[in-house]
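Labels such as "buried" or "salt bridge" should be earned. Let us ask what earns them here.

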Amino acid sequence: MKDRRRLLTVFTVTVVIMVAQVIGTVLSGSLALLADAGHMFTDASGLLIALIAASLALKPRTPERTWGYRRAEILAAALQAGLLLVVGAFVLVESVRRLVEPPEVGSAAMLWFGVIGLAGNVVSMAVLASSRHRSFNLRAAFLEVLNDALGSVAVIVAAAVIGLTGWTRADAVVSLLIGVLIIPRTLRLLKDTADVLLESTPKGLDLRAVREHILALPHVLDVHDLHASLVGSGTPVITGHVTLEDRCLTDGHAQAILADLQKCVAEHFELAVEHSTFQLETAAYRDREHIHH
């Protein structure tokens, strides 16, 4: 609930700044302001998606959706990254064009609207700062606001340069800088969300070390089909087949081993895995299973 309130606050501030920067673009003719306004539009869209995803994540699980809508935030973050890439590419292309043919730019209006944008971004950063590591959505929102703040600082500097020297190419140079700021962080976010969608092993969990820990437990003969993935922020899962000594499955000792396995993955590693599923089997069952595969 608190995350949703934070996102809603930042969304409102972002829309206000975006409208102000569009007005500033019309008054000043600044590409840097237009780039920041376009970035703000993307941010506002992304934040709206994030709000929808945060609401969907609160929906209860069903037999058809056993994890509920926890991956909605991952899809939202991936869509945000895609939109940001489009904006970044447009800004870079237009910046190069304006470097060749620099238009007139009103530095005074550009300066004032740059200050307004910076003030709004500082407010949004303060709202998100303490919670940005809790989910992909909050992380994406914070990165976007940080990029916007840096962009606003660059707009202010460019306006000062144009006002003092008359060098209007400063507007295109700053626009190019904003585009460069947008793309690398966007690619990183896109990679992180793609890793989740591809069910890559979560950061902070070394499956080789997990395998070694499990094999070191008493009565464990083998581990295979070991998989780990991330359902959503803060929800890592791990599954595997663990081969035990035959007598463990008949003398009742298997339950104690299962508890040890779950404790192992929940406590021994940098990333604690609370959701673990292990299939306990004998060597004969494992060998028969391998033959069928």
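The questions below test the labels used for this predicted model.

Q: Why is Cys-248 called buried?
A: Buried means under 20% relative accessible area. Cys-248 has 0%, so the label applies.

Q: Where is Cys-248, and what separates its C-alpha from that of Leu-280?
A: Cys-248 sits in the loop between β2 and α8 (254–267). Its C-alpha is 9.6 Å from the C-alpha of Leu-280. Along the chain these residues are 32 apart.

Q: What makes Ile-23 partly exposed?
A: The class lies between the buried limit of 20% and the exposed limit of 50%. Ile-23 has 42% relative accessibility, so it is partly exposed. The residue belongs to helix α1 (residues 2–28).

Q: Which residues form a nonpolar patch with Ile-23?
A: Val-19 and Leu-27 join Ile-23 in this surface patch. Together the three have about 270 Å² of accessible area. Membership needs over 30% relative accessible area, and Ile-23 has 42%.

Q: How do you know that β1 and β3 are edge strands?
A: The open sheet has three strands in the order β1-β2-β3, with mixed pairing. β1 (220–232) and β3 (275–282) each pair on one side only. The average twist from one strand to the next is 10°.

Q: What makes the pairing mixed?
A: β1 and β2 run antiparallel, whereas β2 and β3 pair in the parallel sense. In general, strands of a sheet pair through backbone hydrogen bonds, either parallel or antiparallel.

Q: How do you know that β2 pairs with β1 and with β3?
A: Pairing takes at least two bridges. Nine bridges join β1 to β2, and eight link β2 (residues 235–244) with β3. Both counts meet the rule, so both pairs stand.

Q: Which residues face each other across these pairs?
A: Val-223 is opposite Val-242 in β2. Val-237 has His-275 of β3 as its bridge partner. Thr-239 is matched with Thr-277, also in β3.

Q: Why is β2 described as mostly covered?
A: Of its 10 residues, nine are buried. Each of those nine is therefore under 20% relative accessible area.

Q: What makes Arg-98 and Glu-94 a salt bridge?
A: The rule asks for a side-chain nitrogen of Lys or Arg within 4 Å of a carboxyl oxygen of Asp or Glu. Here the N to O distance is 3.7 Å, so the pair qualifies. Both Arg-98 and Glu-94 are buried.

Q: Why are Arg-98 and Glu-94 about one helical turn apart?
A: They are four residues apart in helix α3 (residues 72–100), which means a separation of about one helical turn.

Q: How do you know that Arg-247 and Asp-251 form a salt bridge?
A: Their closest N and O atoms are 3.8 Å apart. The limit is 4 Å, so the pair counts. Arg-247 is partly exposed at 46%, and Asp-251 is partly exposed at 44%.

Q: Which residues are joined into one network by salt bridges that share partners?
A: Glu-94, Arg-97, Arg-98 and Asp-171.

Q: Why does Arg-208 count as exposed, while Asp-206 is partly exposed?
A: Exposed means over 50%. Arg-208 has 64% relative accessibility and so passes. Asp-206 has 36%, so it falls in the class between 20% and 50%. Their side chains meet in a salt bridge at 3.7 Å, N to O.

Q: How many salt bridges does the rule give?
A: The count comes to eight.

Q: What makes the phi of Glu-199 worth a note?
A: Most residues other than glycine have a negative phi. Glu-199 is a residue other than glycine, yet its phi is positive, near 55°. The residue lies in the loop between α6 and α7 (207–215). At 48%, Glu-199 is partly exposed.

Q: What is the phi of His-219, and where does this residue lie?
A: Its phi is near 75°, again a positive value in a residue other than glycine. His-219 lies in the loop between α7 and β1. At 23% relative accessible area it is over the 20% limit for buried, so it is partly exposed.

How values were computed
Residues are numbered from 1 along each chain as its sequence is written. This is a predicted model: local features need pLDDT of at least 70, side-chain atom pairs count only at pLDDT 80 or more; totals for chains, interfaces and linings use all residues. Side-chain values use heavy atoms; hydrogens and water are left out. Patches are made of residues with over 30% relative accessible area and no salt bridge: like charges are joined within 9 Å, nonpolar side chains (Val, Leu, Ile, Met, Phe, Trp, Tyr) within 5 Å. Accessible areas come from the Shrake-Rupley method with a 1.4 Å probe; for residues, only the protein chains shown count as cover. Helices (H or I, at least four residues) and strands (E, at least two) are DSSP runs, numbered from the N terminus. Buried means under 20% relative accessible area, exposed over 50%, partly exposed in between (1.4 Å probe, protein chains only). Axes are lines fitted to C-alpha atoms, for helices over the stretch in contact, and angles run from 0 to 180 degrees between N-to-C directions.
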